[in-house]
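Please open the structure in your viewer and keep the selection tool at hand. The stops below are meant to be taken in order, each one beginning with something to select.

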Amino acid sequence: MGSVAAALQERGFKVTGSDENVYPPMSIFLEKKGIALKEGYRAENIPADADVVVIGNAIKRGNSVVTGTHGKTTTTALLAWIMEKAGRKPGYLIGGLPKNLGQGARLNDSKYFVIEGDEYDSAFFDKRSKFLHYLPELLIVNNIEFDHADIFNDLDEIKLSFRRLLNIVPQNGMVLVNGDDPRCVEVARDCLAQMIEVGFSKNCAQRIRDVTYSAGGSRFKLGEGTFEIPLIGEFNVRNAAMAAIAARFYDVSKTKIDNAFKSFSGIARRQEVRGEARGVKVIDDFGHHPTAIAHTLQALRHRYRGHRLWAVFEPRSNTTRRAVFQQQLPDALKLADGVFIAQVAKLEQIPEEERLNPEAVVNAIAKAGPPAFYEQNADAIVDRIVPMLRPKDIVAVFSNGGFDNIHEKLLERLKELQPLRSYKG
């Protein structure tokens, strides 16, 4: 919603917004754009002369006021950047801040518009998935997993929403699906539009081959061409392959796709290095679903070979605060060399019997081998982890919120210390 607000302001509208928690990088972006931010959902935050009030899906029925503020974002940003570098000047709406583009939304008169969509509902008065309001000519389905336990009862309900989305794509359109994900293949089986499976599996019409990783990125073959991207990990390779095939649908040459890939700077809060102090790198990542966390940790292993890798996780999303991923989270987080988990955010909103048990997650990880710790908040985690850190360590922070500015707190505490003792290995 912050990206939409900035795009509307560029078109001459006066825009204000309210949110319960406004945190970087979006808060800084909006402040630079001169958009007034107010804390809390209160009636007095709405200007008396407002012509339009936009209700975000965080608002519950009965609230007195409104405005709102999983590689979907990377794929969307890659495709938008390809189209931009190819001179197509696309409009776009991306659920993050792409560094190349400088903002997450642009509204213009181009016939190309690249939009990120997901299956979450639209508002308290419209429980349909948001993406059902879009009319895509080309659709990319990256993956289908259970998420959003606050609005979906099971995976079948999510599949139904995706089937409805696929039915919207016209017969002369194009659907690209993750051929490595059986759920995607199943859902797209009866799609009326042309459908192409993309992935590493032998069944994929567009098969990704000969992948190699280095500290600076990934290299892979797709069809007769070889591509390079400054991103790490299997999931990012697939994201890039999806974007490349989508761009070819619109007759963008391989040379222009190559130029866009090589100059792609990434997304804020996606494996983003927030700083380094005493030889320790602190990385911020938006990952909150176990699969996303596991993929990011695997990618960081490729990028920082031989380094110790710590994972710090805040259960904050509507799904990870619940016990839905009680078994999957340990399997994802144990890929790190050490793990810290914070208290479940907004405990009072989740019935005790439905809450994630972070202590049980920590115990399961510790039984698997890596040291694991449960602490109540960011300050307690910083106090506990800093004495354990050594030069060359990587600390990856996973949260879909601000996490009480833990990244800066950790960096500041490290800067205050005497030089950390080095180690071999």
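The tour that follows goes through two sheets, the helices beside them and some aromatic side chains.

Before selecting anything, bear in mind that this is a predicted model.

**First stop: a sheet from β8 to β13**

Select the strands β8, β9, β10, β11, β12 and β13, which in that order make up an open sheet of six strands with mixed pairing. Its edges are β8 (138-141) and β13, each of which pairs on one side only, and from one strand to the next the twist averages 20°. Within this sheet, pick out β10 (residues 194-199) and β11 (residues 206-214), which run parallel and are joined by two bridges. If you then show Gly199, you will find it standing opposite Arg207 in β11.

**Second stop: the aromatic rings around Phe227**

Now turn to the side chains, where the structure holds seven aromatic pairs. Select Phe220 and Phe227, whose ring centres are 5.7 Å apart and whose planes meet at 25°; because planes under 30 degrees apart count as stacked, this pair is a stacked one. Are these two residues buried or exposed? Both Phe220 and Phe227 are buried.

Keep Phe227 selected and add Phe261, with which Phe227 forms an edge-to-face pair, at 5.9 Å centre to centre and with 70° between the planes. This pair links distant parts of the chain, since Phe227 belongs to strand β13 (residues 225-229) and Phe261 to helix α7 (residues 254-262), 34 residues apart. Phe261, like Phe227, is buried. Adding Lys254 to the view shows a charged residue that lies over the face of Phe227, at 4.5 Å from the ring centre.

Before leaving the rings, select Tyr112, Phe249 and Tyr250, which are linked into a cluster by ring pairs.

**Third stop: helices α6 and α7**

Show helix α6 (residues 234-249) together with α7, and look at how the two pack at an angle of about 145°, with their axes 10 Å apart. The crossing of α6 and α7 is right-handed. Which residues make the contact? On the α6 side they are Ala240, Ala244, Ala247 and Arg248, while α7 contributes Lys254, Ile257 and Phe261. Two of these names have already appeared on the tour: Lys254 lies over the face of Phe227, and Phe261 forms an aromatic pair with Phe227.

**Fourth stop: a sheet from β14 to β19**

Select strands β14 to β19 next, and follow the order β14-β15-β19-β16-β17-β18, in which six strands form an open sheet with mixed pairing. Here the edge strands, each pairing on one side only, are β14 (272-277) and β18 (372-375), and the twist averages 20° from one strand to the next. Strands of a sheet pair through backbone hydrogen bonds, either parallel or antiparallel. For a parallel case, show β16 (residues 309-313) and β19 (residues 394-398), which are joined by five bridges. On these strands, Trp310 stands opposite Val395 in β19.

With the sheet still displayed, add helix α11 (residues 378-385), which lies across β16, β17 (338-342), β18 and β19 and runs at about 160° to β17. Then add helix α12 (residues 406-416), which also packs on the sheet and touches β14, β15 (280-285), β16 and β19, its direction making about 20° with that of β14.

**Fifth stop: the loop between β19 and α12**

Select Phe403, which lies in the loop between β19 and α12. What is the phi of Phe403? The angle is near 50°, a positive value in a residue other than glycine. Phe403 has a relative accessible area of 4%, so it is buried. Asn405 is found in the loop between β19 and α12 as well, and although it is not a glycine, it has a positive phi of about 55°. Asn405, however, counts as partly exposed, because its relative accessibility is 37%.

**Last stop: Thr296**

Finally, select Thr296 in helix α8 (residues 290-303). Thr296 counts as buried because its relative accessibility is 3%. Leaving aside residues up to four places away in sequence, Thr296 touches Phe235, Gln271, Asp285 and Phe398, and showing these side chains completes the tour.

Terms used:
Residues numbered from 1 in each chain as written. Predicted model: local features only at pLDDT ≥ 70, side-chain atom pairs only at ≥ 80, totals over all residues. Heavy atoms only, no water. Helix = DSSP H or I, 4+ residues; strand = E, 2+ residues; numbered from the N terminus. Buried < 20%, exposed > 50% of the residue type's maximum accessible area, 1.4 Å probe, protein only. Contact = heavy atoms within 4.5 Å. Pairing = 2+ DSSP bridges. Axes fitted to C-alpha atoms, helices over the stretch in contact; angles between N-to-C directions. Phe/Tyr/Trp six-rings, centres within 6.5 Å; stacked < 30°, edge-to-face > 60°. Lys NZ or Arg CZ within 6 Å of the ring centre and 35° of its normal. Left-handed = near helix turned anticlockwise from the far one by under 90°.
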